[in-house]
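Dear colleague,

I am handing over the structure that we talked about, and below it I set out what was found. Please keep it open beside this message while you read.

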Amino acid sequence: MSFLQQAEQSPDTERMFDTDTKAMGYLPNYTRLFAHNPAVYLAWQQLNGAVKTGMELRRYELATLAAARALKSSYCGLAHGKVLRDKFFDAPTVAAIASDHGSAGLSAQEVAVVNFAGKVAADANSVTEADVAGLRGHGLNDADIFGVILAVGARCFFSTVLSAAGAEPDPQYDESLDVDLRQALSFGG
């Protein structure tokens, strides 16, 4: 499951496990990992929920997938690629977004968001005022742009924790995603 051994059971971990099992239909490996610090997991859920509340789900998922790709996070790539497939696109389109989003049929605004999100995740210090102006030119206001930045920042935390701990993607992705899509969303970590 990860490089770390299973966390000690406690009432907090049992609640976490029960809640996530009911929500997902199985116990995700990331939940097992965060059992080492349930307070951080709860804070993460609150933060991520607040970030998502301020954004269109499709934009959030595209920005998150771009961040996962830049961070080489297969776990997050599979998870958010699945959401994009389930809610917005067919599997070949999601695979195209994962590999070459510029030719995947996204709107110009969405391509700009994915480009920006990838840049933020790969090297936030390289973002310039011109990058922000480019998003404004595609119809995003400053609250929209900040939402993308927040989504990427939150993904950087989560993906980094999972990757550094060696959390393996849940085996359920093998069952729920076809092999071509799994390969496209497996970014290396």
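A residue is called buried when its relative accessible area is under 20%. By that cut-off, 44% of the 189 residues of the protein chain count as buried. Please bear in mind throughout that this is a predicted model.

The protein chain has eleven helices and zero strands, so that, read from the N terminus, one α element follows another along the chain. As for its dimensions, the C-alpha trace spans about 50 × 35 × 25 Å along its principal axes. A compact globule with 189 residues would have a radius of gyration near 16 Å, and the 17 Å of the protein chain agrees with this.

Turning to the interior, the largest nonpolar core has 59 residues, and those with the most contacts inside it are Val148, Val152, Leu162 and Leu185. Helix 9, residues 142–165, gives this core its largest share, namely nine residues. If we leave aside the neighbours of Leu185 within four places in sequence, Leu185 is in contact with several residues, among them Leu65, Leu78, Val94, Ala98 and Leu177. For the chain as a whole, among contacts with a separation of 6 or more, 72% come from residues 24 or more positions apart.

On the outside, the protein chain exposes about 9,300 Å², of which carbon and sulfur atoms supply 53%. The chain has 15 positive and 22 negative charges, and the mean positions of these two groups are 2 Å apart.

With best wishes

Definitions and conventions:
Residues numbered from 1 in each chain as written. Predicted model: local features only at pLDDT ≥ 70, side-chain atom pairs only at ≥ 80, totals over all residues. Heavy atoms only, no water. Helix = DSSP H or I, 4+ residues; strand = E, 2+ residues; numbered from the N terminus. Rg over C-alpha atoms; globule rule 2.2 N^0.38 Å. Buried < 20%, exposed > 50% of the residue type's maximum accessible area, 1.4 Å probe, protein only. Contact = heavy atoms within 4.5 Å. Areas by Shrake-Rupley, 256 points an atom, 1.4 Å probe, with all protein chains shown as cover. Lys, Arg positive; Asp, Glu negative; His and termini not counted. Charge placed at Lys NZ, Arg CZ, Asp CG, Glu CD. Core = buried A, V, L, I, M, F, W, Y, C linked by side-chain atoms within 4.5 Å.
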